[in-house]
Amino acid sequence: MNIYLDNAATSFPKPETVYKAIDLCLRYKCGNPGRSGHKLAMEANHIIFNTREQIGDLFGILDISRIIFTSNATEALNLGIKGLLKKGDHAITSTMEHNSVLRPLHRLEDDVVISVTRVKADKYGYVPVEAIKNSILPNTKLIVITHASNVVGTINPIDGIGETAKKNRIIFMVDASQTAGALSIDVKKSKIDILACSGHKNLFGPQGTGFIYINHGVNLLPLIEGGTGTDSKKDIQPKLLTERFESGTLNTPGIAGLGAGIAFIKKTGIKNIREKEILLTKYLLSQLKEIEELNIYGLSNPSSQMPVISFNIKGMDSGEFGTALSDKYNIMTRVGLHCAPLAHKTIKTFPQGTIRMSMGFFTTEKEIDFTIKCIKKILKKK
Ligand SMILES: Cc1ncc(COP(=O)(O)O)c(C=O)c1O
């Protein structure tokens, strides 16, 4: 049996209904959506529409044509950042961001198009609203912040940052890769102009899914242009959404799975999901804390973080430890920098990184007990 503690990378397993929806779509409903008028293309259209509606409902998005499917959060973040920023703009971000935010910003900075302030989070990975406020310049166009760190799970104050952005007429973009589906998010309440999400983490979709929400009044240039099934006579990309940003054949089976994943979340209740994940975090943290060879990073406060725990072992290489967990005991964790190098500089674990255990809705206390037993066995043999 595998024990999967790498849900921050991608969730596993998925709800049974997700597997079924993908299978049903691929076998019986998979025409090319938006391309033809025949029955199977219409069935595929219906699937796409249904998932767009599910997303709209979950995040409080009234105009679902502002929801654009992407193949992951990275594509969504690249579209938001590169589609928006122009020469002379300033952007604010934090040291807790994933490379999918840091690298596109770097690209624009290197090309001498924009300037960037990277607000330093505290040692627990928290980005204070005040620090964002103090970084605003007259030419600040964008604030882009992760809702929660993928290294230590710390949840950032997006309501406060959104308020600050609104007051200063700055576009506010949230990377909700770690939180969408596990924390309730309302784009209006948090004053989010652009929301970028993975579909394959807490939303339970398959890999190859993600989306971006773009508020009215936010004008982005598309990253990709091509066939949209509409306005085919014209040689320019349509202005209308969703077509403006959805060129080429969509991942219809993946989007079917994503819709089923969101339906599962709604049926289970996001509050129940969150409560269960807080309990799991409490349980794992309390047991890890008893192992004195471990240095645990982050808040160690289950209700202020996602079920993501990072630690190192005194006197032992984390790579070796992760390999032992996987090879000997079939326990899947992630070791290293987790694509967030500045986060490790912030919590002082650069360049060695950390061992990360990230739980999900399907993690059990029994699995945690077994994992703790195995950690102790590995440490005994050290
Ligand atoms: C905070 C954060 N942002 C962005 C990403 C990129 O997500 P994706 O793999 O869907 O591109 C991840 C993935 O781990 C993440 O944790």
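Val119 is buried in this predicted model, because 21 other C-beta atoms lie within 10 Å of its own, and 20 or more are enough for a residue to count as buried. Val119 belongs to strand S4, which covers residues 115-119. Leaving aside neighbours within four places in sequence, Val119 is in contact with Ile92, Ser94, Thr95, Val127, Ala131, Ile132 and Ser135. Lys29 is another matter: it is 90 residues from Val119 along the chain, and the C-alpha atoms of the two are separated by 47 Å.

Helix H2 comes next, at residues 39-59. How far should its 21 residues span at 1.5 Å a residue? The expected span is 30 Å, and the end C-alpha atoms of H2 are 31 Å apart, which agrees. The buried residues of H2 are Ala44, Asn45, Ile47, Ile48, Thr51, Arg52, Gln54, Ile55, Leu58 and Phe59. What covers these buried residues includes two helices, H1 (16-29) and H7 (252-268), along with the strands S2 (67-70), S7 (194-198) and S8 (210-214). After H2 comes Gly60, which has a positive phi, near 70°.

The next topic is a sheet. Four strands form an open sheet in the order S9-S10-S13-S12, and their pairing is antiparallel. Strand S9 (294-297) and strand S12 (334-336) stand at the edges. Each of these two has a single partner strand, so one side of each is left without a neighbour in the sheet. From one strand to the next, the twist averages 30°. Strand S10 (residues 308-313) and strand S13 (residues 354-358) run antiparallel and are joined by four bridges. Ile309 stands opposite Met357 in S13.

Which helices pack on this sheet? One of them is H8 (residues 270-289), which touches S9, S10 and S13. The direction of H8 makes about 10° with that of S10. Helix H9 (residues 318-329) also packs on the sheet, where H9 touches S10, S12 and S13. The direction of H9 makes about 35° with that of S13.

The model also holds a ligand, and 14 residues surround it. The closest of them are Asn72, Thr74, His98, Asn150 and Ser198. What is the make-up of the shell around the ligand by class? It has 10 polar residues, three nonpolar ones and one charged one.

Notes. Residues are numbered from 1 along each chain as its sequence is written. This is a predicted model: local features need pLDDT of at least 70, side-chain atom pairs count only at pLDDT 80 or more; totals for chains, interfaces and linings use all residues. A residue is near a molecule or strand if its C-beta atom, placed from the backbone, lies within 6 Å of it. Ala, Val, Leu, Ile, Met, Phe, Trp, Tyr, Cys and Pro count as nonpolar, Asp, Glu, Lys and Arg as charged, and the others, Gly among them, as polar. Two strands pair if DSSP finds at least two bridges between them. Axes are lines fitted to C-alpha atoms, for helices over the stretch in contact, and angles run from 0 to 180 degrees between N-to-C directions. Two residues are in contact if their C-beta atoms, placed from the backbone, lie within 7 Å. The expected span of a helix is 1.5 Å times one less than its number of residues. A residue is buried if 20 or more other C-beta atoms lie within 10 Å of its own, exposed if 12 or fewer, and partly exposed in between; C-beta atoms are placed from the backbone.
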